[in-house]
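This report introduces one protein structure to a reader who has not met it before. The sequence and the structure are shown first, and a description follows.

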Amino acid sequence: MAGRTTLHCSRAGACALLAAMLALAGCGGPEVVGKLPGAPKVKPKHREPGVPDLPPAGSGRGGYYKDDGPGDDPPPNLLQTPDAEVRNDPLLPRANRPYTVFGTTYEPIPNDKPYTARGLGTWYGKKFHGQRTSSGELYDMYKMSAAHPTLPIPSYARVTNLTNGKSVVVRINDRGPFKSSRVIDVSYTAALKLGLLLNGSSELEVTRLMPDEIDKMVAARKAGVVIAAVEGVPVSALQPGAPLLASAGPDELEDFILSRGTAPDTAAPSSNGYYLQLGAYAKEASAAMMRERVAGATRGSDFSVVQVGPLYRLYGGPFVSREEAAAAAARLPTGLRLKPLIVQREIN
């Protein structure tokens with residue numbers, strides 16, 4: 001054993017006994033030492049609930065690059081990590097020039113060009129943790145970031161796992177992946193929240209958040225609006241900080257309140273089927289006013305206001321399938337600037 005141990009005992013016999021126990025403990029490992037009176041507490045290594053047990057980095061046995069993998073001691077509560085806090089930073093000229101990798105030339109898209117793509121998404125972790133990204137920032141696998149071959153740097157994207165409906169917002173600050181079948185590489189924490197850590201890749205949808213949308217999200221955040229991240233919605237899910245009504249004024253924004261962690265209530269509508277949740281309001285009058293506005297703009301479509309706890313939710317539907325609900329969402333007038341959630345209620 002390295003170091004020295006000084007024993008203060010009232011009797012020689014007790015000292016000898018304790019010395020013998022310490023000697024045995026040195027052979028028995030930290031679990032034994034931790035049980036001795038006055039011994040330092042040894043925190044047992046355990047997996048955080050909800051975080052899958054992955055093969056170690058560099059083992060070549062995980063669903064990730066052979067020389068990559070998870071960190072040795074990840075921070076706690078990663079599942080509660082909020083989405084990337086969006087803002088309209090100026091683009092970095094050096095990171096937005098055309099470049100060539102493995103014989104393929106990539107040309108970053110202009111700042112005013114929308115982008116949506118579907119394909120395999122992967123994640124990257126320990127191998128690149130702490131290294132410099134294309135933006136000049138250090139890569140932190142425990143933050144909500146991602147690498148993309150052509151999205152502007154820096155920019156933000158909404159990434160949705162089409163298998164389970166989980167959705168996150170990430171900051172694009174790096175380049176890659178450089179395989180035509182893969183659309184994005186997300187950080188370890190983003191992969192954890194998307195539910196793609198175990199298999200290493202999943203079918204994802206990547207949608208860029210445009211600068212005007214980010215401006216509205218920033219305005220909503222400054223107004224104190226907090227909107228929950230919602231699981232179980234395959235596409236077009238509202239993200240934290242995004243106002244339902246982009247044209248809403250300060251009074252409307254203050255009235256539109258969703259507590260963090262609030263999910264769409266699938267039991268609220270009275271009939272079986274799929275619904276579009278169009279909003280949740282603190283005041284019934286505000287929900288009713290929005291219902292009239294939407295009904296007028298859609299020429300009398302079926303909308304209803306349902307109280308769920310302290311909130312008044314505005315629903316459209318029902319629809320017989322998720323596809324029909326998605327089609328109805330696509331037909332909503334763009335002037336309303338709605339971002340509907342698809343929810344389902346099934347009656348057994």
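## The β5-β6 hairpin

In this predicted model, strand β6, formed by residues 167-174, pairs with β5 in the antiparallel sense, and six bridges link the two. Within this pairing, Ser155 has Ile172 of β6 as its bridge partner.

The two strands, β5 and β6, make up a hairpin, with five residues lying between them. Gly165, located in the turn, has a positive phi of about 85 degrees.

## The pairing of β5 with β8

Strand β5 is also joined to strand β8, which covers residues 201-209. These two strands run antiparallel and share six bridges. Here Val159 stands opposite Val206 of β8.

## Burial of β5

Strand β5 spans residues 155-161 and is mostly covered, as seven of its seven residues are buried. Ser155, Ala157, Val159 and Asn161 point one way from the strand. Tyr156, Arg158 and Thr160 point the other way, and the residues of both groups are all buried.

## The barrel

Which strands close into the barrel, and in what order? The barrel consists of six strands in the order β3-β7-β4-β6-β5-β8, with mixed pairing. On average, neighbouring strands of this sheet are turned by 45 degrees against each other, direction ignored.

A parallel pairing in this model is that of strand β3, residues 116-124, with strand β7, residues 182-187. Five bridges join these two strands, and Leu120 has Arg182 in β7 as its bridge partner.

Terms used
Residues numbered from 1 in each chain as written. Predicted model: local features only at pLDDT ≥ 70, side-chain atom pairs only at ≥ 80, totals over all residues. Heavy atoms only, no water. Pairing = 2+ DSSP bridges. Helix = DSSP H or I, 4+ residues; strand = E, 2+ residues; numbered from the N terminus. Axes fitted to C-alpha atoms, helices over the stretch in contact; angles between N-to-C directions. Buried < 20%, exposed > 50% of the residue type's maximum accessible area, 1.4 Å probe, protein only.
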